[in-house]
Amino acid sequence: MKDTIDEAVRVSGSAKNEKCGSKQSESRKDNTQVFRLGELFCGPGGIAWGALHSHSQDGRLSVKHVWANDYDQDTCITYQQNICPDEKGSVICEDVRALDFGVLKKISEIDALAFGFPCNDYSLVGQRKGLEGTFGPLYTYGVQALKLFRPQWFVAENVTGIKSSGSGKTFRKILAEMEGAGYRVTPHLYKFEQYGVPQSRHRVIIVGIRDDIQDVVYRVPSPKPYEKIDVSCQNAIENPPIPADVANNEKTAQSAKVIRRLQHILPGQNAFNADLPDDLKLNISGATLSQIYRRLDPAKPAYTVTGSGGGGTHMYHWKEDRALTNRERARLQTFPDEYVFSGSKESVRKQIGMAVPPKGVQIIIEAVLNSFAHIPYLYVEQNIHFNPVLLD
């Protein structure tokens, strides 16, 4: 797809932008603007880290955290310690279905909303219950927040399987409800390895701009500026070397049988395409999950980091006969080494696997900020097109 400069954001002046910003976001005399960010399903802070490290190209526009919500205690502690250590009370640890949005309003109004709504019922791996599952309908709380808070923009995230859930009708319904809340939406399937992330992680990101802000047009940022970045997993894990005293770097004790099995698996192979002795083969009929005892290929981006770990679904080192440590997994997700995750090793593994890559999010949010600042940037056309007529 041809890269181009977004002519729609070349508009000089920012009368509409200042009008919206003066009442909501923190506009200052030096013409800077800080968008107050609220988050639902915040996870350990991947989106927040990306947002808080984002700035428009001219440095005028930025983002700050004001409140967040998640239901998992360890996850909330991780978020508090790394994102808002001086404002821990701004993280409400509660099931969103029991959450009083009035409590969030008392903390702060918001200008931006992020919600990586749970993917369990949309994942290609699983029962794919969609809107009939426990987690599928939870996106509605994001839509509810849009209607209540009326932020200027939002970012929502989910797995690729959401596109095909319910033969596509589920995704069209979700997009239609976001539009119905008063937003122009731009859904796109991002391949994060194309944006400098050392992992083949493909996710649907939906960016919405409030529909009364007519002079702001968001475009999907082009991956071209990142095409020369070394996204090999070996480079991510070894350069620079992981400090000896870093947190979350405990190794998993492997059984003698697992070690023997790994010794027969070459880089990039798994338990089903490796040449294993009979006593080391897995007695699983019809297994198709290629991540089972799969070693990384050191010259390529990692396969998708997940929260799984049992049954051989840990990620495995390309050379050493062991699973990756949580810190190595965090590097593949682009979390900095000083980002400390709270909880047991299993809890940390899940947090890292469910997170959005911070540096990938940063690229998307900086594109949003540049759009509001009317600064042109390289973009590509969105690869998901929404036709509400198909809902009928």
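**Exercise 1. Place Tyr-339 in the fold and describe its surroundings.**

Solution. Start with the position along the chain: Tyr-339 lies in the loop between H9 and H10. The model is a predicted one. Next, decide whether Tyr-339 is buried or exposed. Its relative accessibility is 2%, and buried means under 20%, so Tyr-339 counts as buried. Then list the contacts, leaving out residues up to four places away in sequence: Tyr-339 touches Pro-44, Gly-45, Trp-49, Thr-78, Asn-82, Ile-83, Asn-248 and Arg-327. Finally, take one of these partners, Gly-45. Tyr-339 and Gly-45 are 294 residues apart in sequence, and their C-alpha atoms are 9.7 Å apart in space.

**Exercise 2. Find out how much of the chain the predictor is confident about.**

Solution. Begin with the average: the mean pLDDT of the chain is 87. Of its residues, 84% reach 70 or more. Now look for weak stretches. Over residues 4–23 the pLDDT is below 50, and this stretch has 41 contacts in the model beyond near neighbours in sequence. Residues 119–135 also have a pLDDT below 50, with 43 such contacts in the model.

**Exercise 3. Summarise the chain as a whole.**

Solution. First count the elements: the chain has 11 helices and 11 strands. Then consider burial: 55% of the 392 residues count as buried. For the surface, the exposed area is about 17200 Å², of which carbon and sulfur atoms supply 49%. Last, turn to the contacts with a separation of 6 or more: 72% of them are between residues 24 or more positions apart.

**Exercise 4. Decide whether Cys-42 is free or in a disulfide.**

Solution. Find the nearest cysteine sulfur to that of Cys-42: it belongs to Cys-76 and is 5.5 Å away. A disulfide needs the two sulfur atoms within 2.5 Å, so Cys-42 is in no disulfide. For the structure, the disulfide count comes to zero. Now check the accessibility of both residues. Cys-42 is at 6% and counts as buried; Cys-76 is buried too, at 1%.

**Exercise 5. Describe the largest cavity and its lining.**

Solution. Count first: one cavity of 30 Å³ or more is present. The volume of the largest cavity is about 60 Å³. Its lining consists of Glu-250, Thr-252, His-314, Ala-323, Leu-324, Thr-325, Asn-326, Arg-329, Lys-345 and Arg-349. Now ask which elements give two or more residues to this lining. They are helix H9 (326–332) and helix H10 (345–354).

**Exercise 6. Examine the backbone at Phe-41, His-374 and Pro-240.**

Solution. Begin with the general expectation: most residues other than glycine have a negative phi, and most peptide bonds are trans.

- Phe-41 is not a glycine, yet its phi is positive, about 55 degrees. Its place is the loop between strand S3 (33–40) and helix H2 (46–52). With 13% relative accessibility, Phe-41 counts as buried.
- His-374 likewise has a positive phi, near 60 degrees. The loop between helix H11 (358–372) and strand S11 (378–380) holds His-374. The relative accessible area of His-374 is 8%, which makes it buried.
- Pro-240 is joined to Asn-239 by a cis peptide bond with an omega of about -5 degrees. Pro-240 sits in the loop between helix H7 (233–238) and helix H8 (256–263).

Technical notes
Residues are numbered from 1 along each chain as its sequence is written. This is a predicted model: local features need pLDDT of at least 70, side-chain atom pairs count only at pLDDT 80 or more; totals for chains, interfaces and linings use all residues. Side-chain values use heavy atoms; hydrogens and water are left out. pLDDT is the predictor's confidence in each residue, from 0 to 100. Contact means heavy atoms within 4.5 Å. Helices (H or I, at least four residues) and strands (E, at least two) are DSSP runs, numbered from the N terminus. Buried means under 20% relative accessible area, exposed over 50%, partly exposed in between (1.4 Å probe, protein chains only). Accessible areas come from the Shrake-Rupley method with a 1.4 Å probe; for residues, only the protein chains shown count as cover. On a 1 Å grid over the protein atoms alone, a cavity is a set of points where a 1.4 Å probe fits but cannot get out, and a pocket is an open set with protein on both sides within 12 Å along at least five of seven lines; lining residues have an atom within 4 Å of a point. Grid points are joined across faces, edges and corners, and a volume is the space filled by probe spheres set on the points.
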